[in-house]
Amino acid sequence: MFTGIVSDIGTIASVETRGDTRIVVETAYDTTTVDLGASIACSGVCLTVVDKGQREGGPNWFAVDVSGETISRTATDQWTKGRPLNLERAMKLGEELGGHIVTGHVDGVAEVLGVEPDGDSLRIGFAVPAAIAPFLAPKGSITVDGVSLTVNSVADHGDVTHFAVNIIPHTQGATTLGALAAGRSVNIEIDVLARYLQRMEHYRAKAG
């Protein structure tokens, strides 16, 4: 489990395709404290550490294997050399829950519609498939590229739904979201509580 509070911005140092795709991520994490088999959320995708180390005179790094299924269901061009990733290590029992409960399982991909200044913040609009619409609500939680955010507005437009969030200056600097631009794709995870409520409503309607 994760909280959607990013603790480092890593960079993909290398990509090697060999069955699954081996991704090496450079990070500021002290990798001596990262166990092999540990989970790290990489821009919202929960992945397992399969190797780690430190380059001589260079940064720490860890490696993960990304399946073809994961690549097909996540943001376009995410798994490319040089791509920055929002990183979060798995939460431990007793830690403060600063965002909301995040599983690291991507529910869909959204397209950035536009980015506009809103005071010191940025207001970012997204388009998602209508299938995700039932899980979005103003003032509800959403995870965008692994970042826990509050939904400001939602509007349905036929087979797509638009929603917007505000990114405060701290979040702009501490995550990759400050560099988003129209046309970019991002990973979306809906609030796990919304998922269960929608499922309950589905069975309530069938029973009725």
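**Notebook: two buried rings, one buried Asn**

F126 is buried, at a relative accessible area of 1% (buried is under 20%, exposed over 50%, partly exposed in between, with a 1.4 Å probe and protein chains only). I looked up F163 next: it is buried too, at 2%.

Ground rules for these notes. The model is predicted, so I take local features at pLDDT of at least 70 and side-chain atom pairs at pLDDT 80 or more, while totals for chains, interfaces and linings use all residues. Residues count from 1 along each chain as its sequence is written, and side-chain values use heavy atoms, without hydrogens or water.

**Entry: rings**

How many aromatic pairs does a search of the whole structure find? I get one (Phe, Tyr or six-membered Trp ring centres within 6.5 Å). F126 and F163 make up the pair, 5.1 Å centre to centre. Their planes are 25° apart, and I log them as stacked (under 30 degrees; over 60 is edge-to-face, the rest tilted). The two rings tie together distant parts of the chain, 37 residues apart. F126 sits in strand β8 (121-129) and F163 in strand β12 (160-167). Helices and strands are DSSP runs numbered from the N terminus (H or I, at least four residues; E, at least two).

I also checked the backbone under this pair. β8 and β12 run antiparallel and are joined by eight bridges. Within that pairing, L122 has I167 in β12 as its bridge partner.

One ring has a charge over it. R89 lies over the face of Y29, 5.8 Å from the ring centre (Arg CZ or Lys NZ within 6 Å, and within 35 degrees of the ring normal).

**Entry: sheets**

β8 and β12 belong to an open sheet of seven strands, paired antiparallel. I read its order as β10-β9-β13-β7-β8-β12-β11 (a pair needs at least two DSSP bridges). At the edges are β10 (147-150) and β11 (153-157), each paired on one side only.

The other sheet I noted is a closed barrel. Six strands run β1-β2-β5-β4-β3-β6, with antiparallel pairing. I followed β1 (8-18) into β2 (20-27): seven bridges join them, and they run antiparallel. E16 faces R22 of β2 there.

**Entry: N187**

Where does N187 lie? I find N187 in strand β13 (185-190). N187 is buried, with 1% relative accessible area. I then listed what its side chain reaches. The backbone nitrogen of A75 is 2.7 Å away (polar contacts are N or O pairs within 3.5 Å, one able to donate a hydrogen and one to accept it; residues adjacent in sequence count only if both atoms are side-chain atoms). The backbone oxygen of S43 is 3.0 Å from a polar atom of the N187 side chain. The side chain of Q78 makes a polar contact with that of N187 at 2.5 Å.

The wider surroundings came next. Beyond four places in sequence, N187 is in contact (heavy atoms within 4.5 Å) with residues including V45, T74, V106, G108, V109, T143, V144 and D145.

**Entry: Q78**

Is Q78 buried or exposed? Q78 is buried, at 2% relative accessible area. I place Q78 in the loop between α1 (68-72) and β6 (84-89). Leaving out residues up to four places away, Q78 touches I12, C42, S43, V45, R83, L85 and N187. I cross-checked two names. S43 and V45 appear in the Q78 list, and S43 and V45 are also contacts of N187.
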